Amino acid sequence: MELLVPNQSDLGCPVTQCLSMIGGKWKPVILFLVMNGVNRFGAMQRAAPGCTKQMLTKQLREMEADGLLHREIFAEIPPRVEYSLTEKGRSLLPVIQAMRDWGEANA
């Protein structure tokens, strides 16, 4: 296996590219929640009580822009918004599952 050492401005590094999309405290948590059926804003906020509304909104928007999440707005009163994983987002499930397994083994 070849060891790639990224330089400061190289987003071509695969690890840097991955972390640019799922790095931070809340993005892996959000992916984990959505993969387990928690797909509405209020439910996500209750499941991650340390995450502020502003931060959750920011992270969801970034993940949608990166093509990891799909946001669907239902024309109801009150409006309902649900998030789902895109194909690109589903491709991260083994990574998220490995993080979960590691966390359980090392808690």
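1. The largest pocket of this predicted model encloses about 190 Å³ of space. Its lining is formed by Arg40, Phe41, Gly42, Thr57, Leu60, Arg61, Glu64, Arg71, Val81 and Tyr83.

2. As to the origin of these residues, α3, α4 and β2 each supply at least two residues of the lining of the largest pocket. The largest share comes from α4, with 4 residues.

3. The character of the lining is mixed: 4 of the residues are nonpolar, 2 are polar and 4 are charged. Among the residues concerned are Phe41, Leu60 and Val81, as well as Arg40, Arg61 and Glu64.

4. Arg80 is located in strand β2, an element that also contributes at least two residues to the pocket lining. The side chain of Arg80 makes polar contacts with two glutamate side chains, that of Glu76 at 2.8 Å and that of Glu82 at 2.6 Å. Leaving aside residues up to four places away in sequence, Arg80 touches Arg40, Glu72, Ile73 and Phe74; of these, Arg40 is also listed in the lining of the largest pocket.

5. Helix α2 spans residues 27-35, and its buried residues are Lys27, Pro28, Ile30, Leu31, Leu33 and Val34. In an α-helix, residues three or four places apart point the same way, because there are 3.6 residues a turn. The partners against which the buried residues of α2 pack are the helices α1 (14-22), α3 (41-47), α4 (53-65) and α6 (93-105), together with the strands β1 (69-74) and β2 (80-85).

6. After α2 comes Gly37, which has a positive phi, near 90°.

Terms used
Residues are numbered from 1 along each chain as its sequence is written. This is a predicted model: local features need pLDDT of at least 70, side-chain atom pairs count only at pLDDT 80 or more; totals for chains, interfaces and linings use all residues. Side-chain values use heavy atoms; hydrogens and water are left out. Buried means under 20% relative accessible area, exposed over 50%, partly exposed in between (1.4 Å probe, protein chains only). Contact means heavy atoms within 4.5 Å. A polar contact is a pair of N or O atoms within 3.5 Å; within protein, one must be able to donate a hydrogen and the other to accept it, and residues adjacent in sequence count only if both atoms are side-chain atoms. On a 1 Å grid over the protein atoms alone, a cavity is a set of points where a 1.4 Å probe fits but cannot get out, and a pocket is an open set with protein on both sides within 12 Å along at least five of seven lines; lining residues have an atom within 4 Å of a point. Grid points are joined across faces, edges and corners, and a volume is the space filled by probe spheres set on the points. Ala, Val, Leu, Ile, Met, Phe, Trp, Tyr, Cys and Pro count as nonpolar, Asp, Glu, Lys and Arg as charged, and the others, Gly among them, as polar.
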